[in-house]
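Student: I am new to this structure and would like a close look at a single part of it. Could you pick one helix and walk me through its surroundings?

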Amino acid sequence: MNQPRILIFACKWCGLIGADAAGKKRASLPARFRVIPVECAALVEPDAILRALAGGIDGVAVLGCHSGGCRYNNANHASIKRFELLKDLLDTTGIGGERLLLSFGTAHEYHQFEEIIENFFNELAALPPLDPWLSPFGVVS
Amino acid sequence: MANITVFLCRCFGEIDNAIDFDLLRKELSKDTSVSSVSIVDSLCLEADIEKAASQIKETKADRVLIAACPTLSRGNLPVDGLIKEGIERHKIDLVDIREGCAWIHGNDPEGAVKKAKDLINMGLAALQHKEASKDMRVSVHPDALIIGAGPAGLAAATSLAKTGFKVNILERASAPGGMLRLISQLYPTGEDAADKLNPYIDEVENNHLITFYPQSKISSIEGCIGNFTVQFSSQGEDNSIQSGIIIIATGAKIFFPTGLYRYGEIRNVITQMEIERQFLKGSFDAKKPVFIQCAGARDKERPYCSTICCPASLKNAMRLAGENPGSEVFILHRGIMTPGNVLEKYYRDALSMGIQFICFEEEKPPMIMGNDRVEHVEVYDAVNGITRKIETDLVVLSTPLVPNDDSVRLAQMLGIEVDRYGFFSESYPMHPLETKMDGVFICGSARWPVASDQAILQGRAAAMKAVSYLRQREIAASTLSRVPGPKSGHARVVPDSCTGCGNCVAACPFEACHLEKLEDRHISKVDMMRCKACGNCVSVCPNGSMQIPEHNYRMVGEMIKRAF
């Protein structure tokens, strides 16, 4: 069985609260994900996602607030468009857009965190492992 | 080489069974950037924070990594405590090993300890690359500027003057009062609008702290919180004033329903405002008036409810019924909107007075019948399913409030936003009177149609919000935060590599970026007073010239490398 690894960029005001709440209720999730808290989903550079995938991390999740609920004047709205473009890029390069998960929800939807991450783990487990040999081949400069 | 002190918090042994702390310490001691590793019981207690602070001073560590519970639990306590002890914010990092690791992976101790180690490693990487943003302070001009002298603007002005600040009011008309001057009585109390307005006007005329500029027109607004410069003309004379904050109380205007319900084509079809004007002159003679609600509102073009027209109709219907005994008053509506305890009673009062309510559907609006003056109204009663013919001598259309024509122009001058209809909008949740620009407040019908009592309430509230800035001599950019606590940083441009493409200018949601002309090229500049460190500019920069020092690309890259 494939053991995928996930990197999560979680917005401090929504996604991270979900991650905290999952811990508080002692949810049981595989220990193969790491969370990097960010101030806003807009701060996640597409470049950073590519770097993570190039480094062999199987999937990257970006968790932000609902469009309209952003504390930074809909900054996250712009990021949605950016990540959709990035998904296209991942598809065309053969990495696969499904390796990038976008989820936008509010802090009171924290119970979804567990489900979202579990589903993402299952989806990635069905894909072949992403090897770090990707980067020398010029997928990511 | 960095000299990092690591504190591992056991949470009173709560997470011992999931994380092997001794193993963790042994592994961490191998890292050359780590100078010491201490396992503590409870970093959230004051005594332990003090102990940690003195230990940091003794070992002369230049960075501190705390592995404990997250900020949302009690992780903020050691961080805040150490900041109070004089350690800079960017030299401390907090790693969540309780909720994010021990508790969530309780059934996998091996995975948990591996994850804890990785998380701490990521924290170490972050600490080594984190930098501090520059801060900036501006002095605050202690005068306030209020645009619009309606009930909201007057309430804001008098409140600010009461607290001792000088206030300038710009008004387009030649006298203060706004729309209240056009109205005879107020709902639901029935008091004269003039009685409510006059104390405010007296204060504006007599208070030496308030300067009123009638017939004024704004030509430009520049600057940011603390120092706005406004160029305007008043009574034909050009003028310029400085102010620390701006309160927008420009109100709204009445929608004229030209073409709707044969308004303008046939006599005796008038609007709510015209009936108010008649009431101001004296009494009004109508035996069989019919009020039609939502004329031009809640349709495809203006799908919103203007909130004030239903109570206003109730008020005028009750007044007509009271002044003309034996009259039959109809209100044709699409659902009467009277929220709250007071207005609901108002509606019930109207019912008990014998005013008849007929509900119609949007698809089947009432038909106005008659040649040169209205004779009867045909309406499909949606509740009873019958078409009714109502004889009438007067049709009153309740029209919504719509934004002023120049609201978009004013919004562009100030750099704030309007909603899809043109009303000024607050730009982020939970801060109803503040806009995207710090120091610019909105109140009254400029932000949404409200009655005068609400406008006054909002005006006073906006004034109090403004006082919190005006009373400061200086404002630091880092305090102008959108979130609890100070800002997380400011975006910083690397001038040598910036190509001046302008991506960041287009992407910034706070209009903080602009291009500056150098001798041979353009580069981007960030206005720290406006920057909120959301990071949109960072993500769109094609060559990494835009960075937030607290969250720079080196740091993220290192964190990703060490994530597994």
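Tutor: Happy to! One definition comes first: two residues are in contact when they have heavy atoms within 4.5 Å of each other. Please also keep in mind that this is a predicted model.

Let us take helix α2 of chain B, which runs over residues 46–59. This helix has 14 residues, and the distance from its first C-alpha to its last is 20 Å, close to the 20 Å expected at 1.5 Å a residue.

Now look at which of its residues are hidden. The buried residues of α2(B) are D48(B), I49(B), A52(B), A53(B) and I56(B). Seen down the helix axis, these buried residues fall within an arc of 140 degrees, so they line one face of α2(B). On the other side of the helix you will find A47(B), K51(B), K57(B) and E58(B), which are exposed. The cover over the buried residues includes strand β1 (4–9), strand β3 (63–68) and helix α3 (71–84), again from chain B.

To make this concrete, pick out A52(B), which sits in helix α2 of chain B. Buried means under 20% relative accessible area. A52(B) has a relative accessibility of 4%, and therefore counts as buried. Leaving aside residues up to four places away in sequence, A52(B) touches F7(B) and L43(B). You can also compare A52(B) with P78(B): they are 26 residues apart in sequence, while their C-alpha atoms are 9.0 Å apart in space.

Next, follow the chain out of the helix. α2(B) is followed by K60(B), which is found in the loop between α2 and β3 of chain B. K60(B) has a positive phi of about 55 degrees although it is not a glycine. With 67% relative accessibility, K60(B) counts as exposed because the cut-off for exposed is over 50%.

Two other loops of chain B are worth a visit while you are here. N268(B), in the loop between β13 (252–254) and β14 (269–271), also has a positive phi, near 70 degrees, and is a residue other than glycine. In the loop between β7 (167–170) and α7 (193–206) lies P188(B). A cis peptide bond joins Y187(B) and P188(B), with omega at about -5 degrees.

Finally, step back to see how chain B meets chain A. The contact takes 48 residues from chain B and 43 residues from chain A. About 3,700 Å² is buried between the two chains, and carbon and sulfur atoms give 62% of that area. In chain B, I104(B), I560(B) and F564(B) lose the most area to chain A, together 19% of what that side buries.

Across this interface there are three salt bridges. The side chains of E99(B) and K24(A) meet in a salt bridge, at 3.2 Å from N to O. Helices α3, α5 (109–129), α14 (536–540) and α15 (553–561) of chain B each supply at least two residues of the side that touches chain A. The largest share of that side, seven residues, comes from α5(B). Notice that α3 of chain B has now appeared twice: α3 is part of what covers the buried residues of α2(B), and α3 also supplies residues of the side that touches chain A.

Methods: Residues numbered from 1 in each chain as written. Chains lettered and ligands numbered in written order. Predicted model: local features only at pLDDT ≥ 70, side-chain atom pairs only at ≥ 80, totals over all residues. Heavy atoms only, no water. Helix = DSSP H or I, 4+ residues; strand = E, 2+ residues; numbered from the N terminus. Expected span 1.5 Å × (residues − 1). Buried < 20%, exposed > 50% of the residue type's maximum accessible area, 1.4 Å probe, protein only. Arc of directions from axis to C-beta. Buried area = accessible area lost by both parts, 1.4 Å probe. Salt bridge = Lys/Arg side-chain N within 4 Å of Asp/Glu carboxyl O.
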